[in-house]
Amino acid sequence: MNLISILRGKCPQCKKNDIFNSKGNLLFFQIPQMDERCKNCNFKFEKEPGFFFGAMFVSYALAVAEFIGVFIMSYFIFELSLLASFLGIILSAILLSTINFRLSRIIWIYLFSNKKVEGV
């Protein structure tokens, strides 16, 4: 997997076109919109109906890692109270929700892209 392509949200096959055609807007409750296929190489992103069900587990893992990081920073490094740390976790959950949505789907697509790894 190419970490840079994942973070940029590029197609796993050609790495030229974006997977998402909009980033969404948290303030207006708009989720990011995906293209059905890559406009460059015609790679189909959703392999079958329900394909992205597994991306929820990836999103959960990302969220847990973020929450642990926020808690450690707020409670142990900045020495905030437990209540303030908890509020920081809630705020980070809200602010990172659209990013987690996009990133979890991109990671899921890359996991099942059936792309040969060079040198193997």
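This report walks through a predicted model, from the overall fold down to single residues.

## Overall layout

The chain holds 4 helices and 0 strands. Read from the N terminus, its elements run α-α-α-α. The C-alpha trace spans about 50 × 40 × 25 Å along its principal axes.

Of the 120 residues in the chain, 28% are buried. The accessible surface comes to about 8,400 Å². Carbon and sulfur atoms account for 65% of that surface. Contacts often link distant parts of the sequence: among those with a separation of 6 or more, 57% join residues 24 or more positions apart.

## The nonpolar core

In soluble globular proteins, nonpolar side chains tend to be buried together. Here the largest nonpolar core has 17 residues. Those with the most contacts inside this core are I19, M34, F45, F52 and I109. Two elements, α2 and α4, give two or more residues to this core. The largest share comes from α4, with 4 residues.

M34 shows how the parts meet. Leaving out residues up to four places away in sequence, M34 touches I19, F20, N21, F45, F52, R105 and I109. Four of these names return below: F20 in an aromatic pair, F52 in an aromatic cluster, R105 over a ring, and I109 is one of the core residues already listed.

## Aromatic pairs

The structure holds 10 aromatic pairs. One of them joins F20 and F101. Their geometry is edge-to-face, with 6.3 Å centre to centre and 65° between the planes. The edge-to-face label follows because planes over 60 degrees apart fall in that class. F20 sits in the loop between α1 (3–8) and α2 (55–77), while F101 sits in helix α4, so the pair ties together parts that are 81 residues apart in sequence. F20 is buried, at 5% relative accessibility. F101 is partly exposed, with a relative accessible area of 24%.

F71 and Y75 form another aromatic pair, this one stacked. The centres are 5.2 Å apart, and the planes differ by 10°. Planes under 30 degrees apart count as stacked, so 10° qualifies. Both residues belong to helix α2, and they are 4 residues apart, so about one helical turn separates them. F71 is partly exposed at 26% relative accessibility. Y75 is also partly exposed, at 31%.

## A cluster and a charge over a ring

F51, F52, W108 and F112 form one aromatic cluster. F52 has further partners. The charged end of R105 sits over the F52 ring, 4.3 Å from the ring centre. F52 is also among the core residues with the most contacts, and M34 touches both F52 and R105.

## S5 and S113

S5 lies in helix α1. S5 is buried, because its relative accessible area of 7% is under the 20% cut-off. Leaving aside neighbours within four places in sequence, S5 contacts K10, K15 and Y110.

S113 lies in the segment after α4 (97–111). S113 is buried too, with a relative accessible area of 13%. The S113 side chain reaches the backbone oxygen of Y110 at 3.3 Å. Y110 therefore appears in the surroundings of both serines, as a contact of S5 and, through its backbone oxygen, as a partner of S113. Not counting residues up to four places away in sequence, S113 touches P12 and F43.

## G24 in the loop

G24 is placed in the loop between α1 and α2. G24 is partly exposed, with a relative accessible area of 32%. Apart from neighbours within four places in sequence, G24 is in contact with Q30, I31 and P32.

How far apart are G24 and R105 in sequence and in space? They are 81 residues apart in sequence and 14 Å apart in space, C-alpha to C-alpha. R105 is the residue whose charged end sits over the ring of F52.

Key:
Residues are numbered from 1 along each chain as its sequence is written. This is a predicted model: local features need pLDDT of at least 70, side-chain atom pairs count only at pLDDT 80 or more; totals for chains, interfaces and linings use all residues. Side-chain values use heavy atoms; hydrogens and water are left out. Buried means under 20% relative accessible area, exposed over 50%, partly exposed in between (1.4 Å probe, protein chains only). A polar contact is a pair of N or O atoms within 3.5 Å; within protein, one must be able to donate a hydrogen and the other to accept it, and residues adjacent in sequence count only if both atoms are side-chain atoms. Contact means heavy atoms within 4.5 Å. Rings of Phe, Tyr and Trp (its six-membered ring) pair if their centres lie within 6.5 Å; planes under 30 degrees apart count as stacked, over 60 as edge-to-face and the rest as tilted. A charge sits over a ring if NZ of Lys or CZ of Arg is within 6 Å of the ring centre and within 35 degrees of the ring normal. Accessible areas come from the Shrake-Rupley method with a 1.4 Å probe; for residues, only the protein chains shown count as cover. A nonpolar core is a set of buried Ala, Val, Leu, Ile, Met, Phe, Trp, Tyr and Cys residues joined through side-chain atoms within 4.5 Å.
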